[in-house]
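Student: Could you take me through one part of this structure closely? I would like to see how its pieces pack against one another.

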Protein chains: 2
Amino acid sequence: MSDHPMPEALLFDVFGTVVDWRSSLIAEFETFAGARGLQADWAALVDQWRALYQPSMEAVRSGKRPWAILDVLHRESLDTLLAQHGLSALGEADRVHLTTAWHRLKPWPDVVAGLTRLKSRFIIGTLSNGNVGLLTRMAKNAGLPWDVVLGAETARAYKPMPEAYRAGARLLNLPPPRVMLVAAHNGDLAAAASEGFMTAFIARPTEYGPAQARDLKAEGAWSFVASDFCALADQLGCR
Amino acid sequence: MSDHPMPEALLFDVFGTVVDWRSSLIAEFETFAGARGLQADWAALVDQWRALYQPSMEAVRSGKRPWAILDVLHRESLDTLLAQHGLSALGEADRVHLTTAWHRLKPWPDVVAGLTRLKSRFIIGTLSNGNVGLLTRMAKNAGLPWDVVLGAETARAYKPMPEAYRAGARLLNLPPPRVMLVAAHNGDLAAAASEGFMTAFIARPTEYGPAQARDLKAEGAWSFVASDFCALADQLGCR
């Protein structure tokens, strides 16, 4: 265990850190397509869908459009991509089904065991750009044992805006140094550290697929660096 | 099971419906006082504390004072009552300890078993005037298996203001008829029904002590009426 003071709450980035969105979505598309005899480059479509994630939130962050939750942004991006992939004929029910694939993402193998151990000692919750409904349904589908689900709407701000982090600490009635962000993304941790949070980096070297080039290792002086959630539980003294 | 359509989410009033605040607080004061040789009418003090609950929120609802969370309102009311009961000498740490007794309230005996059954089929969460931090710590202390913790700050409105209910449904991305409020208070259910929620009344006839005169039975055409959470799970077809 480190000689850091201990946080009271651990808040987790979700997409990539907790759940393997890329493999989960590719599997969803393949199952969906197999049942309908559809063909497309599903991995490319999924990578493009995720590539539209930051631009879609940036339109909200910058004030170019009014507040919109991630379910809505995901749906708009999906509509764009279906057209590009020759799938314009898909109807409303199919589009809802595919958009809510984000509610059915699968956790990395260490996650449920690691969170269960961490929960024995800390408040554990989400600090995600996902909407509360998305995160709540994902947790039910995947068995994620959160104590509290904080989403983009509870802050009405998308990370890495400072308010997204501030709202997380404020909603738990904690000063930022008593909260630790756990994330697989150095940029997210840097923004949290700027707000006074403790930080833990977890490597997820295949989040973006086999050719991932970013976030392969810790790039800042984070409070903790661990290979997965169970290793973090070890470092934090959770059985 | 009734012939009602089924909700997707059950949101619960907490103080009185889920936890027995009166007995829990009296026990907290007695333990606290016993260790210090203090004497006062603790049951009276607790009843007075709860009696200040509505007036303290009303000052926020009416706009007479800026937004304040329940932890802050509880602390102000406690300070007033300690002075009235000759306990002005209590220091800061003791006042924090007593205020956070609301984080340590005990559930009624049927609650954990009933919630666990209901969780197998529905999203279960809080729709409380408590702050998120209070409700999160209460859930950890009492083992309440919420899927989602919605507090007064997530709506920035205190029940029975319409926005408190609307925000609950909106944060779950559900139309109000797909959400059912479970409460031991007819007034809370009436306000929820006005917003289109389904409703379930659970009798808690000793919430206010042995002489309770209110909310002894259902006083409206609620969707469900049950004697406790396990009976509600029976009615909703949850094993």
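Tutor: Happy to; what follows goes from the domains of chain A to a helix pair and then to the contact with chain B. Please keep in mind that this is a predicted model.

Let's begin with the division of the chain. Chain A falls into domain 1, made of 9-20 + 105-235, and domain 2, made of 21-104. Taken over C-alpha atoms, the centres of these two domains of chain A are 23 Å apart. Where they touch, domain 1 of chain A brings 21 residues and domain 2 of chain A brings 14 residues. On the domain 1 side, H7 and H8 of chain A are the elements that give two or more residues, and H7(A) has the largest share, with four residues. By character, that side of domain 1 consists of nine nonpolar, six polar and six charged residues.

Now for the helix pair. Helix H1 of chain A covers residues 21-36, and helix H2 of chain A covers residues 42-51. Their axes come within 9 Å and cross at roughly 130°, which means that H1(A) is oblique to H2(A). The crossing in which H1(A) passes H2(A) is right-handed. If you want to find the contact on screen, look in H1(A) for A:Trp21, A:Arg22, A:Leu25, A:Ile26, A:Phe29, A:Glu30 and A:Ala33. Their counterparts in H2(A) are A:Trp42, A:Ala43, A:Leu45, A:Val46 and A:Arg50. Nine residues of this helix contact are nonpolar and three are charged, with no polar ones.

Finally, let's turn to the other chain. Chain A and chain B each put 16 residues into their contact. On the side of chain A, helix H7 (132-142), strand S3 (148-150) and helix H8 (152-155) each supply at least two residues. H7(A) gives the most here, with five residues. So what is the character of the side of chain A that touches chain B? It divides into seven nonpolar, five polar and four charged residues.

The two copies also have a simple geometric relation. A turn of 180° with a shift of 0.0 Å along the axis lays chain A on chain B with an RMSD of 0.0 Å, and this is therefore the relation of a two-fold axis. Both copies use the same surface, as 100% of the contact residues of chain A recur in chain B.

One element links these views: H7(A) gives the largest share of the domain 1 side that touches domain 2 of chain A, and H7(A) also gives the most to the side of chain A that touches chain B.

Definitions and conventions. Residues are numbered from 1 along each chain as its sequence is written. Chains are lettered from A and ligands numbered from 1 in the order in which they are written. This is a predicted model: local features need pLDDT of at least 70, side-chain atom pairs count only at pLDDT 80 or more; totals for chains, interfaces and linings use all residues. Axes are lines fitted to C-alpha atoms, for helices over the stretch in contact, and angles run from 0 to 180 degrees between N-to-C directions. Angles under 35 degrees count as roughly parallel, over 145 as roughly antiparallel, 65 to 115 as roughly perpendicular and the rest as oblique. A crossing is left-handed if the near helix is turned anticlockwise from the far one by less than a right angle, and right-handed if clockwise. Two residues are in contact if their C-beta atoms, placed from the backbone, lie within 7 Å. Ala, Val, Leu, Ile, Met, Phe, Trp, Tyr, Cys and Pro count as nonpolar, Asp, Glu, Lys and Arg as charged, and the others, Gly among them, as polar. Copies are superposed by least squares on the C-alpha atoms of residues with pLDDT of at least 70 in both. Domain bounds come from an automatic or database domain assignment.
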